[in-house]
Amino acid sequence: MTRAFLVVMDSVGIGGAPDADRYFNDDVPDTGANTVAHIAQACAEGRAEDGRSGPLHLPNLDALGLGAAVRLASGAETPGLEAAPEGLWGCAREVSAGKDTPSGHWELAGLPVPWDWTYFPNDTPAFPADLTAEVCKVAGTDGILGNCHASGTEIIERFGAEHMQTGWPICYTSADSVFQIAAHEETFGLDRLLALCRAIAPRLHAMKVGRVIARPFVGTPETGLTRTTNRRDYAIAPPAPVLTNWVQDAGRRVHGVGKIGDIFSMSGIDTADKGSDADLMDHLARLVDEADEGSLTFANFVEFDSLYGHRRDIAGYARALEWFDRRIGAVLQALRSGDLMVLTADHGNDPSWTGTDHTREQVPVLIAGRGAGEIGAVKFADVAASIAHHLDIPAQGPGRSFF
């Protein structure tokens, strides 16, 4: 029996998807967005020198085929990522109508989203009055703050002080299908924030809003307000079995690392480990050492996206990629004979692009444990089918194994 590890590098896209012209940032279509290529080009041109220097250095990911995957997907130049691949590699395209976390992860797990998500208008107020009234009723407040599209860090800076004075929750959304509530862990209370999000989630899910997200923060307006790692996503449960369920139904165990448990509403998840990306890498390394034979470990590393992509921080994103590459190298070396590790992404978030939202991109598919070669351009759902094939369990859905 063997094991499988599916690692999602959140937002590490490699070039505009064929339908990128239908997705926008600041009214600019995502055509031409390319997270990895544009970071590599910026590094080579000396435009990403904050906390690092020189060309983008990702020897482990590039050896698996990252640079080759970028060139396959887009034809873009990838300075610093020019190795001859030693792994199995390709690119993947999404069919679900979205460039958000649930759409990407569900489809990677074998289930394209079977409906259109609900998105809130980019107006102020962004939310219908009856929804706002329900939030106030559950929270026990006379109003909410925000009620608009915003980035998470910006809206905390704008409304943090008023929130701490009034106790009103900060509610906001983005180009994704989300309803987010930010609140101070001490003055509002972390447990109270989580209870509020949990209570209103069924209402939002009935509207086909993908996630209600708790965004706790700490600090003071004078010293600075900082989001914590106690984020919690209350997501719609997948409407049909996905890879995690297939593995459990075969009598195997499934370990979630990062926000995987939240994304899938713990459906098909036996254990869930959370924390910063540094914590998550420690959990992944431990599971490579300890996970059961026949098991699936499904991990998400979110800080590329949350700390650097949305903030359009090219140097920060490059630092995060180089940190990840250093750490994943040791994890790859620790894999057992017969193990499979697939490294991929769920969408793009090009830090050189206009706006602050995700970019509709193709993603890399980098495979350790199955030899070397090119798999070409595949579908997201093919990742799930291929892992099921490797684990010798039945697969469902539209995916086809590339092994």
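In this predicted model, residues 3-393 are 37% helix and 21% strand, and the C-alpha atoms at the two ends of that span lie 12 Å apart. UniProt, in an unreviewed entry, annotates residues 3-393 as "domain: Metalloenzyme".

The same record supplies two sets of residues to start from. One "binding site" annotation in the unreviewed UniProt entry covers Asp10, Asp346 and His347. These residues are spread over 338 residues of sequence, yet they cluster in space, with a largest C-alpha distance of 7.1 Å. Asp10 sits in the loop between β1 (4-9) and β2 (24-25). Its relative accessible area is 0%, so Asp10 counts as buried. Beyond its neighbours within four places in sequence, Asp10 contacts Thr101, His105, Lys259, Asn300, Phe301, Val302, Phe304, Asp305, Tyr317, Asp346 and His347. Both of the other residues in the annotation, Asp346 and His347, are therefore among the contacts of Asp10, which is itself buried.

Asp346 is found in another loop, the one between β14 (340-344) and β15. Asp346 is also buried, because its relative accessibility is 0%. Not counting residues up to four places away in sequence, Asp346 touches Val8, Met9, Asp10 and Ser11, and also Glu94, Thr101, Gly104, His105, Leu108, Val363 and Phe380. Thr101 and His105 appear in the contacts of Asp10 and in those of Asp346.

A further "binding site" annotation, again from the unreviewed UniProt entry, lists Asp305, His310 and His358. Here the spread is 54 residues of sequence, and the largest C-alpha distance is 8.3 Å, so the residues cluster in space. The lining of the largest pocket includes Asp305, His310 and His358. Asp305 belongs to helix α11 (residues 303-309). With a relative accessibility of 5%, Asp305 is classed as buried. Setting aside neighbours within four places in sequence, the contacts of Asp305 are Asp10, Ser11, His310, His347, Asn349 and His358. Asp305 thus touches Asp10 and His347 as well as His310 and His358, and Asp10 and His347 belong to the other annotation.

His310 lies in the loop between α11 and α12 (314-333). Is His310 buried or partly exposed? At 23% relative accessibility His310 counts as partly exposed, because buried means under 20%. Apart from neighbours within four places in sequence, His310 is in contact with Asp305, Asn349, Thr356, Asp357 and His358.

Some of the contacts of Asp346 lead to a pair of helices. Helix α4 (residues 101-108) packs with helix α13 (residues 380-391) at an angle of about 40°, and their axes are 6 Å apart. That angle makes α4 oblique to α13. On the α4 side the contact is made by Gly104, Glu107 and Leu108, and on the α13 side by Phe380, Ala381, Val383 and Ala384. Gly104, Leu108 and Phe380 are also among the residues that Asp346 touches.

Next come the nonpolar residues. In soluble globular proteins, nonpolar side chains tend to be buried together. The largest nonpolar core in this model has 90 residues, of which Phe324, Ile328, Met341, Leu343 and Ile387 touch the most other members. Helix α12 gives the largest share of this core, 10 residues. Leu343 shows what such a position contacts: beyond its neighbours within four places in sequence, it meets Val7, Met9, Leu61, Leu64, Phe324, Ile328, Leu332, Pro364, Val365 and Leu366. Another core, of 24 residues, lies apart from the largest one and has Leu131, Ala139, Cys171 and Cys197 among its members.

Two helices from the earlier part of the sequence complete the tour. The buried residues of helix α3 (residues 66-74) are Leu66, Gly67, Ala68, Ala69, Val70 and Ala73. The elements they pack against are α1, α2 (59-64), β4 (88-93) and β15 (363-368). Just after α3, Gly75 takes a positive phi of about 75°. Helix α1 (residues 35-44) holds Ala40, which is buried, with a relative accessible area of 0%. Leaving out neighbours within four places in sequence, Ala40 contacts Leu56, Thr78, Pro79 and Leu81. Ala40 and Glu157 are separated by 117 residues in sequence and by 31 Å in space, C-alpha to C-alpha.

Note on methods: Residues are numbered from 1 along each chain as its sequence is written. This is a predicted model: local features need pLDDT of at least 70, side-chain atom pairs count only at pLDDT 80 or more; totals for chains, interfaces and linings use all residues. Side-chain values use heavy atoms; hydrogens and water are left out. UniProt positions are given in the numbering used here, feature names are shortened, and annotations may be inferred rather than shown by experiment. On a 1 Å grid over the protein atoms alone, a cavity is a set of points where a 1.4 Å probe fits but cannot get out, and a pocket is an open set with protein on both sides within 12 Å along at least five of seven lines; lining residues have an atom within 4 Å of a point. Helices (H or I, at least four residues) and strands (E, at least two) are DSSP runs, numbered from the N terminus. Buried means under 20% relative accessible area, exposed over 50%, partly exposed in between (1.4 Å probe, protein chains only). Contact means heavy atoms within 4.5 Å. A nonpolar core is a set of buried Ala, Val, Leu, Ile, Met, Phe, Trp, Tyr and Cys residues joined through side-chain atoms within 4.5 Å. Axes are lines fitted to C-alpha atoms, for helices over the stretch in contact, and angles run from 0 to 180 degrees between N-to-C directions. Angles under 35 degrees count as roughly parallel, over 145 as roughly antiparallel, 65 to 115 as roughly perpendicular and the rest as oblique.
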